[in-house]
Amino acid sequence: MEIKWTPWRGQFVKGETPKDAGCVLCVKHEESNDPANHVLYRGQFSYVLMNLYPYNPGHLMIVPYAHTNDFANLPATTAAEIMHLTQRSAAILSTVMNPHGYNLGMNLGRPAGAGIDEHLHMHIVPRWNGDTNFMPLIGGVKLIPEAMDDTYAALVGHFQAL
């Protein structure tokens with residue numbers, strides 16, 4: 001039997017992730033240590049970072065700096081930049097990781113599946129033929145075959161070129 005080791009997901013899978021006082025997405029944009037926080041790019045109104053609990057390698061989030069969950073009233077400039085960065089992120093992921101497809105989207109509100117419902121964000125999840133198996137269904141566990149720091153190192157230079 002082959003064993004996949006994904007220790008960074010342990011707390012998340014068990015529901016033991018620490019709850020801090022502030023919004024984790026606001027904290028990310030205020031900090032200056034981008035590599036440690038897996039922030040790949042900072043735009044004028046939003047930024048790109050790697051999802052700490054990815055569905056697949058290369059799972060990115062595009063996040064507005066403004067702390068809001070009100071998509072309907074998001075300023076047009078911010079919405080446009082989020083879409084532009086989603087396009088650029090897909091292009092970079094295609095170049096670096098060669099996925100067969102993508103899932104793109106926002107989960108707005110807890111009933112819609114938002115894990116962080118107070119701060120909207122766009123997900124971009126690269127997908128490959130055969131990347132799903134019985135583990136999520138039977139075991140409630142998703143295996144990620146690449147370390148986040150390795151994915152970050154492969155992507156960050158492409159984002160610096162934006």
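**Sheet and helix packing in the predicted model**

Tyr-102 stands opposite Pro-126, a residue of strand 5. A little further along, Leu-104 faces Ile-124, again in strand 5. These pairs belong to an antiparallel pairing of strand 4 (residues 101-105) with strand 5, which runs over five bridges; two strands count as paired if DSSP finds at least two bridges between them. The structure is a predicted model, in which local features need pLDDT of at least 70, side-chain atom pairs count only at pLDDT 80 or more, and totals for chains, interfaces and linings use all residues. Residues are numbered from 1 along each chain as its sequence is written, and side-chain values use heavy atoms, with hydrogens and water left out.

Stepping back to the whole protein chain, six helices and five strands are found. These elements are DSSP runs numbered from the N terminus (H or I over at least four residues for helices, E over at least two for strands). Along the sequence they come in the pattern α-α-α-β-β-β-α-β-β-α-α. Of the 162 residues in the protein chain, 38% are buried; the cut-offs are under 20% relative accessible area for buried, over 50% for exposed, and partly exposed in between, with a 1.4 Å probe and protein chains only. Among the contacts in the protein chain with a separation of 6 or more, 65% link residues 24 or more positions apart, a contact being heavy atoms within 4.5 Å.

The five strands make up an open sheet with antiparallel pairing, in the order 1-2-3-5-4. Strand 1 (39-42) and strand 4 sit at the edges with a single partner strand each, so each has one side without a neighbour in the sheet. On average, neighbouring strands of this sheet are turned by 15° against each other, direction ignored. Such angles are taken between N-to-C directions and run from 0 to 180 degrees, and axes are lines fitted to C-alpha atoms, for helices over the stretch in contact. Strand 5 (residues 122-127) is mostly covered, with five of its six residues buried. Besides strand 4, strand 5 pairs with strand 3 (residues 60-64), here over three bridges and again in the antiparallel sense. Within this second pairing, Ile-62 has Met-122 of strand 5 as its bridge partner.

Helix 6 packs on the sheet, where it touches strand 1, strand 2 (46-50) and strand 3, and its direction makes about 25° with that of strand 1. Helix 6 (residues 148-160) also packs against helix 4 (residues 76-97), at an angle of about 125° and with the axes 10 Å apart. The two helices are therefore oblique to each other; on this scale, angles under 35 degrees are roughly parallel, over 145 roughly antiparallel, 65 to 115 roughly perpendicular, and the rest oblique. The crossing of helix 4 over helix 6 is right-handed, that is, the near helix is turned clockwise from the far one by less than a right angle, whereas anticlockwise would be left-handed.

On the helix 4 side, the contact is made by Ser-89, Ile-92, Leu-93, Thr-95, Val-96 and Met-97, which meet Thr-151, Ala-154, Leu-155, His-158 and Phe-159 of helix 6. By type, these contact residues come out as seven nonpolar, four polar and no charged (nonpolar: Ala, Val, Leu, Ile, Met, Phe, Trp, Tyr, Cys and Pro; charged: Asp, Glu, Lys and Arg; polar: the others, Gly among them).

Two residues of helix 6 give a closer look at this region. Thr-151, found in helix 6, is buried, with a relative accessible area of 2%. Neighbours within four places in sequence aside, Thr-151 touches Met-50, Pro-57, Gly-58, Met-97 and Glu-146. His-158, which also lies in helix 6, is partly exposed, with a relative accessible area of 35%. With its neighbours within four places in sequence left out, His-158 is in contact with Ile-92, Thr-95 and Val-96. The C-alpha atoms of His-158 and Ile-92 are separated by 6.5 Å, though the two residues are 66 apart along the chain.

The backbone has a couple of oddities worth a mention. Most residues other than glycine have a negative phi. His-38, although not a glycine, has a positive phi of about 60°. His-38 is placed in the loop between helix 3 (34-37) and strand 1, and counts as buried at 10% relative accessibility. Asn-98, likewise not a glycine, has a positive phi of about 50°. Asn-98 lies in the loop between helix 4 and strand 4 and, at 55% relative accessibility, counts as exposed.
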